[in-house]
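Reader: I am new to this structure and would like a close look at a single part of it, with enough of the surroundings to place that part. Please take one helix and what follows it, and explain your reasoning as you go.

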Amino acid sequence: MLQTQTRKDRFTLLKKNLSTFWGVYRENTMGIAGLVILLFFALMALVGPHLVTYTGEIEGAEMVLQPPSAAHWLGTDDLGRDVFAGVVVGSRISLLVGLAATVISMVIGAIIGIAAGYYGKTVDTILMRFTDIFLVIPWLPLMLVMAALLGPSLGNIIFVIGITGWAGTARIIRSQTLSIKERPYVERARAIGSGDLHIMVHHILPNVFPLIFANTILVAAVAILSETTLSFLGMGDPTRMSWGVMLHFAFEMGAVSFGAWWWLIPPGVCVVLVVLGFTFIGYALDEVLNPKLRRR
Amino acid sequence: MKMRGYVLRKLGQTVLTIFVVLVFNFFLFRIMPGNPVRILIRNPKISAEALQRITEQFGLNQSKFVQFGYYLRDLFTGDLGHSFVYRKPVLDVIMEKLPPTLLLTGTATILSIIIGVILGVIFAWKRGSKLDVAGLSLSLVLYSMPSFWVGILMVMLFAVYWPIFPIGGMSVPGTYYATIWSQLGSLLRHMLLPTVTFALILIGEYVLIMRNSLLEVMSEDYMLTARAKGVSNRNLLRRHALPNAMLPMVTLIAMNLGFIVGGAIQVETVFSWPGLGRLMYTALMGRDYPLLQGIFLFVTVCVVGANFCADLLYRYLDPRVKS
């Protein structure tokens, strides 16, 4: 009885908070623009691949490297494949890799950040030393070396991006945990005999969650850029078309000197738009969640 | 804290970082699926005896611990292994490709810092103006672009559609230059496009940091005091605001080194610039593992070392940290 009552209260509170949040967020032009961009690409990734045909078969020599026309809106590539269809199909892999890698980074970052901040002392020193090492190692060579050794596959590229992108998040979450663990309710929880794990999961995690969420947006932007760069440098799965893999093939096949702009520009523009979409939302969230920045 | 204690602590951290990188590098190249000798030899038809002999020769039949000892010994004698593709010691290949990279990244970094600081000061001074908003939006867009893609756009614009610059490389292969000046001229023509691309990639962050840092300093009380004393705008900026606002730039330049290395790999690949970045791409494409491992180690140690120097420099420059 008591349990359900609390649940209901919690739900009403959540609903109220969300509607207040949306009320403020709605006023933010940048935030809405970012949201529209991301919704567009999410729709493209979910529905798009069912609407276009991108078989990867050679359509015939006369259809190779054609500039845009009514039949092929964005022209064709060196194998006569439709570039527009490639961009649509590629959106799915690009977004999938970006989001999956972000989830890995956030989970590692949250665990290390909360553990370091909560336990303090030796645990904190060791974990933060480790984090600093990750922050100082040049990220692209590290990812390239790992990807080259593991071999080009979708799972490996997700793993490599996820495992290298958590250090900044861990630092931010640690500092927030440091302030939260001093609050009275944490002390009360400890006084009634709650264990460390219980406190971390039920008292600290919910309070650092907004921060994790805001950080996710920025990490996702970096993850999408990383996927594109790694794939461009030949570390992507060549059988799974993504925007980065497409740019890799275009570059290797000499699209630059051929002047095949229709093959090089569209995938790049998609990456830039998605990254901008995430960045816009990141800025907007910062403005909404941080009252100091809010304009009146 | 005393300066000596600080230096020692930072030095300890740096050594620890490098050691962790060494251990990581050692094990990373040994968790690969398959027999390392087979990967090393790359000949599927190798006989069992030859395989055995090579395994013993490389000490691969010893324990991992002993192997790590050999690895460290080789490193300290400058032996980074043998490149598959170049058929030369890895260190020799790296040293050969280092000067072009230093030339390109050095020029681009200096250029982007100078322009970035100037633009940052202008934007901060004219805060909220159309110029400021336009500049910020442009920095944001540049920041969202994959670096290699900026390079591709530049090549297409200025070397393919409007061919005023060479498409790549550092010189025209097979050309003999009559004078050193014509050689220098050719180098400059080849260098301009990659340098500008690189500077474009780096500049956005410098502009943003410089602008925010200056805005922060300008809201300090001592700036108001200086203004009240009747210090001219020009002196206010040059003597009171800039020295303090420049401080975060020192840290940023060091922190950015990892990003600069990443940029070098992409820009050099797109422009066929014969440096370390392109070497890494060649090593990746040719699955030249010893070379790949060598470049990674070399680059990481350089970046970690540079960060150590920047930490010391920052402490020397900012008297507030000393007390």
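Author: Let us take helix H12 of chain B, which covers residues 257-271, bearing in mind throughout that the model is predicted. As for the predictor's confidence, the complex is given an ipTM of 0.83 and a pTM of 0.84, while chain B has an average pLDDT of 81, with 90% of its residues scoring at least 70.

It helps to begin with the chain to which this helix belongs. Chain B has 15 helices and 0 strands, and its C-alpha atoms occupy a box of roughly 85 × 60 × 40 Å along the principal axes. Of the 323 residues in chain B, 32% are buried, and among the contacts with a separation of 6 or more, 71% join residues that are 24 or more positions apart. The domain assignment divides the chain into domain 1, made of 3-33 + 92-322, and domain 2, made of 35-79; the C-alpha centres of these two domains of chain B are 38 Å apart.

Now to the helix itself. What span should the 15 residues of H12(B) have at 1.5 Å a residue? The expected value is 21 Å, and because the end C-alpha atoms of H12(B) lie 20 Å apart, the two figures agree. A residue is counted as buried when 20 or more other C-beta atoms lie within 10 Å of its own, and 14 of the 15 residues of H12(B) are buried, so the helix is largely enclosed by the rest of the structure.

Directly after H12(B) comes B:Ser272, which sits in the loop leading from H12 to helix H13 (276-285) of chain B. B:Ser272 has 16 other C-beta atoms within 10 Å and is therefore partly exposed. Its phi is positive, at about 50°, although B:Ser272 is not a glycine. This deserves a remark because most residues other than glycine have a negative phi.

Chain A offers a companion case in A:Lys121, which is also not a glycine and has a positive phi, near 45°. A:Lys121 belongs to helix H4 of chain A, residues 121-136, and because it has 8 C-beta neighbours inside 10 Å, A:Lys121 counts as exposed.

Helix H4 of chain A also leads us to the meeting of the two chains, where 32 residues of chain A are in contact with 37 residues of chain B. On the chain A side, at least two residues each come from H4, helix H5 (139-150), helix H9 (196-232), helix H10 (243-252), helix H11 (255-258) and helix H12 (261-289). The residues of chain A on this side comprise 24 nonpolar, 7 polar and 1 charged.

Between H11 and H12 of chain A there is a loop that holds A:Ala260, and since A:Ala260 has 23 C-beta neighbours inside 10 Å, it counts as buried. A:Ala260 and A:Pro67 are 193 residues apart in sequence, yet their C-alpha atoms are 7.4 Å apart in space. Another pair in chain A, A:Lys16 and A:Ile212, is separated by 196 residues along the chain and by 21 Å between C-alpha atoms. A:Lys16 lies in helix H1 of chain A, residues 2-26, and it is exposed because 10 other C-beta atoms lie within 10 Å.

To return to the part you asked about, H12(B) is largely enclosed, as 14 of its 15 residues are buried, whereas B:Ser272, which follows, is partly exposed.

Notes:
Residues numbered from 1 in each chain as written. Chains lettered and ligands numbered in written order. Predicted model: local features only at pLDDT ≥ 70, side-chain atom pairs only at ≥ 80, totals over all residues. Helix = DSSP H or I, 4+ residues; strand = E, 2+ residues; numbered from the N terminus. Buried ≥ 20, exposed ≤ 12 C-beta atoms within 10 Å, placed from the backbone. Contact = placed C-beta atoms within 7 Å. Domains from an automatic or database assignment. Nonpolar A, V, L, I, M, F, W, Y, C, P; charged D, E, K, R; others polar. Expected span 1.5 Å × (residues − 1). pLDDT = per-residue confidence, 0-100.
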